[in-house]
Amino acid sequence: MPSARGRNLTFTEEARRAQLIDVTIELIAEHGYAASSLGRIAEKAGITKAGVLYHYRSKQALVEAAHEHVLSGLVATVGAAVEAAGPAEGPAAYIRSMIGHLRERPRHVRMIIEGITSGTSPADSEARWSVVAELVSAARAARGLPGELDARSAALLIGGGIDAIVSESLTDPSYDAAAAAELLVDVVERGLLS
């Protein structure tokens, strides 16, 4: 991986960057964006602020890298699940994998939320709902379902359901998010895909 200075990173530099991203995710999940200063990140990582700035030019750059790391993992997991399921089962795979991935990584959920609410990562609603709308439309086409469907509204309903389930599982660790995911899949199957 090339650095900002145009050279390839050493193994040690790559490891340090990965550590800084992990520490940033942990601190932001626990304390929020505002309370996660460069000094606090450096202290938790066991290096100086100058050491952090050697790897990332600012707190903003580090937080953006951490946010991108979290989103990349989510996209990879969900994308693989949807691809393996095929078009007819894409929405169900999306729902299950989104909820499963986020349920298992509560700090990542908080990192995503903090990234959006702190302004370090813009919230692009259309980018999110358009993917789900395409999955719903592809599933309907693969199943040979006639008629028009407001795919945007369907996608927003699915996204809202996922958000509510993940939020509840963060608030109440005993909440059965997997069962809730299956209920949402059933609602989507009956209401949109049959």
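A residue is called buried when its relative accessible area is under 20%, and exposed when that value is over 50%, with partly exposed residues in between. By this rule valine 82 counts as buried, because its relative accessible area is 16%. The model that holds this residue is a predicted one, and the paragraphs below go from the whole chain to its helices and then to single residues.

The chain is built from nine helices and zero strands. Read from the N terminus, its elements run α-α-α-α-α-α-α-α-α. The C-alpha trace spans about 60 × 40 × 25 Å along its principal axes. Of the 194 residues in the chain, 41% count as buried. Among the contacts with a separation of 6 or more, 65% are accounted for by residues 24 or more positions apart.

The outside of the chain can be described as well. About 10,300 Å² is exposed, and carbon and sulfur atoms supply 56% of this area. The side chains include 19 positive and 24 negative ones, and the centres of these two sets lie 7 Å apart.

Helix H2, residues 38-45, offers a friendly starting point. Its residues Leu38, Ile41, Ala42 and Ala45 are buried. Seen down the axis of H2, these buried residues fall within an arc of 100°, so they line one face of the helix. The cover over the buried residues of H2 includes helix H1 (11-31), helix H3 (49-55) and helix H4 (59-85). Just after H2 comes glycine 46, which takes a positive phi of about 80°.

Valine 82, met at the start, is found in helix H4. Leaving aside residues up to four places away in sequence, valine 82 touches Gly90, Ala93, Tyr94 and Leu135. Of its partners, Gly90, Ala93 and Tyr94 are among the buried residues of H5. Isoleucine 113 stands 31 residues apart from valine 82 along the chain, and the C-alpha atoms of the two are separated by 24 Å.

Helix H5 itself comes next. Its 15 residues should span 21 Å at 1.5 Å a residue, and the end C-alpha atoms are 21 Å apart, which agrees. How many of the residues of H5 are buried? Twelve of the 15 are, and H5 is therefore described as mostly covered, since residues under 20% relative accessible area count as buried. The buried residues of H5 include Pro91, Ala92, Ile95, Ser97 and Met98, and also Ile99, Gly100, His101 and Leu102. What covers them includes H4, H6, H7, H8 and H9.

One of the helices in that cover is H6, residues 106-117, and histidine 108 has its place there. Histidine 108 is buried, with a relative accessible area of 18%. Apart from residues up to four places away in sequence, histidine 108 touches Ile25 and Val70.

Helix H9 covers residues 177-192, and its 16 residues reach 21 Å from the first C-alpha to the last, close to the 22 Å expected at 1.5 Å a residue. Which residues of H9 are buried? They are Ala177, Ala180, Ala181, Leu184, Val185, Val188 and Leu192. These residues cover an arc of only 145° around the axis, which puts them on the same side of H9. On the other side of H9, Leu183 and Arg190 are exposed. The cover over the buried residues of H9 includes helix H5 (90-104), helix H7 (125-142) and helix H8 (151-171).

Two further residues lie outside the helices. Aspartate 150 is found in the loop between H7 and H8. Is aspartate 150 buried, exposed or partly exposed? With a relative accessible area of 47%, aspartate 150 is partly exposed. Its C-alpha atom and that of tyrosine 175 are separated by 31 Å, and the two residues are 25 residues apart along the chain.

Serine 194 has its place in the segment after H9. At 65% relative accessibility, serine 194 counts as exposed. Even so, serine 194 touches Leu145 and Glu189, not counting residues up to four places away in sequence. Arginine 96 is 98 residues apart from serine 194 along the chain, and their C-alpha atoms are separated by 19 Å.

Notes. Residues are numbered from 1 along each chain as its sequence is written. This is a predicted model: local features need pLDDT of at least 70, side-chain atom pairs count only at pLDDT 80 or more; totals for chains, interfaces and linings use all residues. Side-chain values use heavy atoms; hydrogens and water are left out. Helices (H or I, at least four residues) and strands (E, at least two) are DSSP runs, numbered from the N terminus. Buried means under 20% relative accessible area, exposed over 50%, partly exposed in between (1.4 Å probe, protein chains only). Contact means heavy atoms within 4.5 Å. Accessible areas come from the Shrake-Rupley method with a 1.4 Å probe; for residues, only the protein chains shown count as cover. Lys and Arg count as positive and Asp and Glu as negative; His and the chain ends are not counted. The place of a charge is taken as NZ of Lys, CZ of Arg, CG of Asp or CD of Glu. The expected span of a helix is 1.5 Å times one less than its number of residues. The arc is that of the directions from the helix axis to the C-beta atoms.
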